[in-house]
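Please look at the sequence and the model shown here, and keep both in view while reading the report that follows.

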Amino acid sequence: MTIGPTLIQNSHKIGERLCASDLISAHQLETALYEQRLYEMMRLGEILTLHGWVQQQTADFFGDQWPYPDTQADPVPIGSYLRRAGLIDRNMVDAILAAQQKTGLRFGALAVLNGYIRQATLDFFVEQFYPEHIGEPPYMIVDPDSLTDVSVNPFIQFDPNEEMPATSEPNQIDDCPPTSGNGVQWLD
């Protein structure tokens with residue numbers, strides 16, 4: 001039995017997407033395609049999964065379930081795509097959304113900063129599903145006046161001319177460096 005041209009073409013597309021998203025290397029793709037020729041009944045995603053290079057959910061997303069942007073009626077949040085691809089889970093989404101409230105960073109930027117996905121993976125998803133946002137800064141467009149809590153709002157500006165509170169003994173030499181309220185030591 002030989003592999004039909006459609007299966008090979010689909011394997012190349014899946015493999016190209018996985019490589020472009022930095023989820024597998026070119027060498028891993030070459031290896032899997034070679035093995036697919038040897039094991040004609042196996043799909044590329046199954047081979048990649050057996051090697052442990054991707055999860056089955058990720059292979060399915062990039063293969064059979066590939067969401068073509070042209071077929072999406074309503075905009076889909078990037079977190080939804082990342083979850084469907086098995087790259088992040090619900091707990092990660094919740095952590096990112098909580099951090100987003102405090103930092104004003106975009107969802108994808110926080111996913112990268114937290115180490116959940118690579119920058120190249122985020123870039124791939126933005127290119128595929130949100131090409132109008134390519135090159136935008138990692139910050140969300142937020143009305144700073146809508147946030148009033150200083151601890152939550154990174155956009156509130158402090159007046160540099162505002163007088164700092166006086167210390168009890170300005171010339172006192174401490175044996176240890178000053179610490180913040182959370183115990184972090186600041187060194188000059």
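V112 is found in helix 7, which covers residues 107-113; helices here (H or I, at least four residues) and strands (E, at least two) are DSSP runs, numbered from the N terminus. Leaving aside its neighbours within four places in sequence, V112 is in contact with I117, R118, Q119 and L122, where contact means heavy atoms within 4.5 Å. The C-alpha atoms of V112 and L122 are separated by 7.5 Å, although these two residues are ten residues apart along the chain.

The model is a predicted one, in which local features need pLDDT of at least 70 and side-chain atom pairs count only at pLDDT 80 or more, while totals for chains, interfaces and linings use all residues. Residues are numbered from 1 along each chain as its sequence is written, and side-chain values use heavy atoms, with hydrogens and water left out.

The protein has eight helices and zero strands, and from the N terminus on its elements run α-α-α-α-α-α-α-α. Of the 188 residues in the protein, 30% are buried, a word that stands for under 20% relative accessible area, with exposed meaning over 50% and partly exposed in between (1.4 Å probe, protein chains only). Among the contacts in the protein with a separation of 6 or more, 54% are made by residues 24 or more positions apart.

Three residues can be set side by side by place and relative accessibility.

| Residue | Place | Relative accessibility |
|---|---|---|
| Q100 | helix 6 (residues 90-103) | 14%, buried |
| T121 | helix 8 (residues 119-129) | 1%, buried |
| D22 | loop between helix 1 (5-20) and helix 2 | 30%, partly exposed |

Not counting residues up to four places away in sequence, Q100 touches L105, R106, F107, L110 and M140. With residues up to four places away left out again, T121 touches S21, D22, L23 and L87. One of these partners, D22, has a positive phi of about 65° although it is not a glycine.

Which residues of helix 2 meet helix 3? Q28, L29, A32, L33, E35 and Q36 in helix 2 meet L44, I47, L48 and H51 in helix 3. By class, this contact of helix 2 with helix 3 has six nonpolar, three polar and one charged residues, where Ala, Val, Leu, Ile, Met, Phe, Trp, Tyr, Cys and Pro count as nonpolar, Asp, Glu, Lys and Arg as charged, and the others, Gly among them, as polar.

Two packed helices are described by the angle between their axes and the distance between the axes. Helix 2 (residues 26-38) and helix 3 (residues 44-51) pack at an angle of about 120°, with their axes 9 Å apart. That angle makes helix 2 oblique to helix 3, since angles under 35 degrees count as roughly parallel, over 145 as roughly antiparallel, 65 to 115 as roughly perpendicular and the rest as oblique.

Confidence should be kept in mind when reading the model. The protein averages a pLDDT of 77, and 64% of the residues score at least 70; pLDDT is the predictor's confidence in each residue, from 0 to 100. Over residues 150-161 pLDDT stays under 50, and for this stretch the model has 16 contacts beyond four places in sequence. Over residues 176-188 pLDDT also stays under 50, and here the model has ten contacts beyond four places in sequence.

Technical notes: Axes fitted to C-alpha atoms, helices over the stretch in contact; angles between N-to-C directions.
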